[in-house]
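User: I would like to learn how to read salt bridges and burial in a model. Can you take me through one?

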Amino acid sequence: STKKLDKNKKIILTVIAVLILCVGSTLAYIIASLQDEARGNASVTSDAVDILRFEVDKDISLNPTQFNVVEGGDNLSDTAVGSAILRANSTNDNATYSYYVYFQINSNNYIYTTEDEKPEIILTITDPTGSPVTSVDGLIYVESLGGFDITTKSGLYTVAGEYPIISTSSDVDTIQDWTFTVTFINLDTNQYENGGKSLEAEVILSREPVYTLASYITNELYTGIDGDNGLYYHDGVGSYANADQEAGDYSYRYAGANPDNYVCFGTDEEICSNDNLYRIIGVFDNEVKLIKYDYITESILGISSTYDNIQGGSGSLDGYRGNLSIINNFHWDDNGSNIYSSTTLNIALNNGFLSSLGTWNNLITTHTYEVGGMPFDNTYTYTVKQIYNIEVDNNSNSITYDAKIGLMYVSDYGYAAFSNSWTTNMRSYSSTIDNNWMYMGGYDWTISCVSDYWKNSSYIVTSDGNVHDSDRYYGSDAVRPVFYLNSNVTYSSGDGSINNPYRIEI
């Protein structure tokens, strides 16, 4: 079915689906030596080596307007062809290799404009045999449209793994073409809400596997058995005790005493400093959520609202797990609000702290945070699942705030404990601290405020590990910034331990 764009609105829809095959690698055997992956269309011309390279014929650009997407008109699409090209060496006229094919959506702010979420951006892939690709992990193939619905998708998707290519000639190239088509679907409904939206993506062909940090966690570290490597897949159907207490949001979350979930962020130095250590809360819709390992200091935050009675640091505060000699405390707000989006703390985090990260802040995505909070009495009797339902999932007090830097949810802290603790009410969570990696030993602000009669307060994790409230002005507590990485952030190295944290490419 077709439609016309809303001419009264005169909105120009923009789809930018840039398919850049930028991993045009030369991968050659010289005797028994395989060259590592290289980026760029370099080539090797010696007759003594095999030549494997990757190319793309052009970029894809779609620009639907009220003139080229009209009532009764066709869909709008554009196509690019990525090629793997192999020529054998002249010594034996025979070469066999394999390679990987990926589709990576770097950014995408499209939405569904219909209540039944009809697909509006479709990806169609044809393999070198001319057959359509109908199965890609993480994408849904829509038979009636002959492609994958990528309307709201982002992240790295594996199209083919270890795909074979064979050459039996040193004179004639073996060429394998992968055809990628991105299509804007001309619906019979008004799509004006997608005006000004964009999608940017690239095709990657590589001799070696490529991982985003998110895909490395979900595909390599998560074994399919909840609890392995400290990871739980929150689909609500696990085979272990208390699986029914999962968030049910299809996130991958770390839980337990001390999982290997450390990340070095903000520096390329060989030794990652305390200020640059973060830990992974989990993976949410292909975005990795980080929390600062130790508390932020006044010099980094850029404001001087520390409370007179600062907390003791390492060696002087029972239970403190960090390395600071003094822990700076900060007021939630100095202007009368207990909702995070309006607080002086939020302003400081999204200005002073964000600026301190330099170019690294480009790796952080703007995220929608739930900041409406929950009623005061909930933490007395509610488990983490009940808290999650009120605080994040079905928040009757829903107030959303789009920002780069936030704080942990109360439920983030709850789910960081070992799964056996998830039936414990969160006012009594001190019993879980030995098996909760997020417990730091100080007084931590969360992002959630008290939404009923204690509206001057917001929730904190206390030094004994329980969840309580703290006055927005008179209360002064420690801060660990939280943020989500862009879905295309690439894993580089590391095993996630504190001495060898994960490294990412900037």
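Analyst: We go through salt bridges, then a helix, then a loop residue. Keep in mind that this is a predicted model.

User: How many salt bridges does a search of the whole structure find?

Analyst: The general idea comes first. A salt bridge here is a side-chain nitrogen of Lys or Arg within 4 Å of a carboxyl oxygen of Asp or Glu. The search of the whole structure finds 8.

User: Which residue does E55 pair with in a salt bridge, and how far apart are the closest N and O atoms?

Analyst: E55 pairs with R53, and their closest N and O atoms lie 3.0 Å apart.

User: Are E55 and R53 buried, exposed or partly exposed?

Analyst: The general idea is a cut-off: buried means under 20% relative accessible area, and exposed means over 50%. E55 has 30%, so it is partly exposed. R53 has 21%, so it is partly exposed too.

User: What about R253 and D249?

Analyst: They form a salt bridge, with 3.1 Å between the closest N and O atoms. R253 is at 3% relative accessibility, so it counts as buried. D249 is at 21%, so it counts as partly exposed.

User: Which residue meets D412 in a salt bridge?

Analyst: K289 does, at 2.6 Å from N to O. The pair links distant parts of the chain. D412 sits in helix α6 (residues 410-415), and K289 sits in strand β16 (residues 287-292). They are 123 residues apart. Both D412 and K289 are buried.

User: Which residues do salt bridges with shared partners join into one network?

Analyst: R53, E55, R87 and D173 are joined into one network. So R53 and E55, the pair we met above, belong to it.

User: Now a helix. Why is α1 described as largely enclosed by the rest of the structure?

Analyst: Count its buried residues. Helix α1 covers residues 213-221, and 7 of its 9 residues are buried, so it is largely enclosed. The buried ones are L213, A214, S215, Y216, I217, T218 and L221.

User: And the loop residue. Where is N89 found, and is N89 buried or exposed?

Analyst: N89 lies in the loop between β4 (76-87) and β5 (95-108). Its relative accessibility is 8%, so it counts as buried.

User: What does the side chain of N89 reach?

Analyst: The side chain reaches the backbone nitrogen of T91, at 2.9 Å. For N89, then, read three things together: its loop, its burial and its side-chain contact with T91.

Terms used:
Residues are numbered from 1 along each chain as its sequence is written. This is a predicted model: local features need pLDDT of at least 70, side-chain atom pairs count only at pLDDT 80 or more; totals for chains, interfaces and linings use all residues. Side-chain values use heavy atoms; hydrogens and water are left out. Helices (H or I, at least four residues) and strands (E, at least two) are DSSP runs, numbered from the N terminus. Buried means under 20% relative accessible area, exposed over 50%, partly exposed in between (1.4 Å probe, protein chains only). A polar contact is a pair of N or O atoms within 3.5 Å; within protein, one must be able to donate a hydrogen and the other to accept it, and residues adjacent in sequence count only if both atoms are side-chain atoms.
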